[in-house]
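Let's take a stroll through a protein model and see what sits inside it. Have the sequence and the 3D view ready.

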Amino acid sequence: MTPAPGRADGDGGRAEVGGVEQRGRARQSAAPTPRRTGRDGVQGTVSGTGARPGPGAGSGTGPGAGSGIAAGASRAADSAAATADGTGSGASGRVPEQTRTEAGGDTRRAVRGEHTHSEPPAPRVVRRHSVRGQILDALRSALVVGELVPGEVYSAPVLGERFGVSATPVREAMQQLALEGAVEVVPNRGFRVVERGARELAELAEVRALIEVPVMLRLARTVPAERWAELRPLAEATATAAAVGDRAAYAESDRAFHRALLSLCGNEQLVMVADDLHRRSQWPLVSAPAVRRADLVADAAEHSALLDALETRDLTVIQSLVREHFAGAPD
């Protein structure tokens with residue numbers, strides 16, 4: 001019997017017998033057609049990992065599927081960028097969360113604010129210390145003039161009301177004074193002003209002389225006479241404060257004069273140490289009598305006499321003046 005005429009079908013690997021196509025031909029036609037779900041891309045068998053791609057889906061060149069995924073990814077990236085730079089919704093008033101990380105990145109670390117390699121760390125907030133500095137200066141002046149009495153305990157809230165500020169800058173300033181030795185911390189109460197005696201003042205005067213006398217003798221040999229004239233206005237400022245009996249202003253101008261004199265040696269560390277010793281020597285003693293205006297005037301006059309001796313390079317007078325000036329400084 002002669003077989004019925006037919007042809008080979010290269011697509012399905014089956015033969016068409018008698019014009020009837022067998023089921024083996026191209027099962028591609030049975031693949032489901034992706035459904036569109038509005039403008040957000042494609043929904044169907046091509047949905048990411050684990051799905052079998054239809055024609056053209058893997059390469060992105062198939063009809064509709066590749067272009068829909070690319071469009072959806074582009075819109076998602078635009079949305080993430082808008083959120084990251086603060087132009088999207090919900091970005092105002094808080095640190096944006098990291099929506100994408102590098103390979104192996106941890107989004108949770110970014111949400112917590114920790115540094116990741118995919119974005120720079122957030123800048124630290126710089127805290128201003130102007131109020132604290134002003135309170136510290138005011139407390140130092142109060143120590144010098146005796147408004148803060150040795151042995152008394154002062155609380156930060158009470159002092160804050162006095163200065164018209166919160167307790168925080170007062171507490172911070174008091175902590176600095178505690179480091180300097182002016183006050184000591186009393187738990188749950190505040191800060192007690194340290195009680196000082198004549199022996200401590202004498203020890204401070206001795207240390208100051210050991211540091212400053214050799215420096216001034218060296219400066220007298222090396223500094224030109226005209227340089228000492230530049231310090232005359234500072235010496236006059238101490239005389240002005242002494243004349244009106246302003247002890248706080250005198251204490252500040254007195255330290256300014258000595259700092260400027262010692263700075264000519266070029267040793268910044270020495271200047272800082274000497275200034276700290278000088279400030280501590282200005283704190284009042286326990287039950288000390290009030291400083292008289294005449295004492296301030298006499299002390300200020302020694303500044304001008306010291307400049308005269310430095311200009312003439314009279315080493316004997318310089319040494320004597322400095323030692324007497326430290327020992328007889330107003331306490």
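Here is a look at the nonpolar cores and at one helix.

This is a predicted model, where local features need pLDDT of at least 70, side-chain atom pairs count only at pLDDT 80 or more, and totals for chains, interfaces and linings use all residues. Numbering starts from 1 along each chain as its sequence is written, and side-chain values use heavy atoms, with hydrogens and water left out.

A nonpolar core is a set of buried Ala, Val, Leu, Ile, Met, Phe, Trp, Tyr and Cys residues joined through side-chain atoms within 4.5 Å. Buried means under 20% relative accessible area, exposed over 50%, and partly exposed in between (1.4 Å probe, protein chains only). The largest core has 27 residues, and Trp228 is among the five that touch the most other members. Helix 6 gives this core its largest share, eight residues. Helices here are DSSP runs (H or I, at least four residues), numbered from the N terminus.

Beyond its neighbours within four places in sequence, Trp228 is in contact (heavy atoms within 4.5 Å) with residues including Leu261, Leu307 and Leu310.

Now for helix 11, which has 20 residues and reaches 30 Å from its first C-alpha to its last.

| Group in helix 11 | Residues |
|---|---|
| Buried | Leu296, Asp299, Ala300, His303, Leu306, Leu307, Ala309, Leu310 |
| Exposed, on the other side | Ala294, Thr312 |

The buried residues of helix 11 fall within an arc of 165° (taken from the directions from the helix axis to the C-beta atoms), so they line one face of the helix. Their cover includes helix 6, helix 9 and helix 12.

Key
Helix = DSSP H or I, 4+ residues; strand = E, 2+ residues; numbered from the N terminus. Expected span 1.5 Å × (residues − 1).
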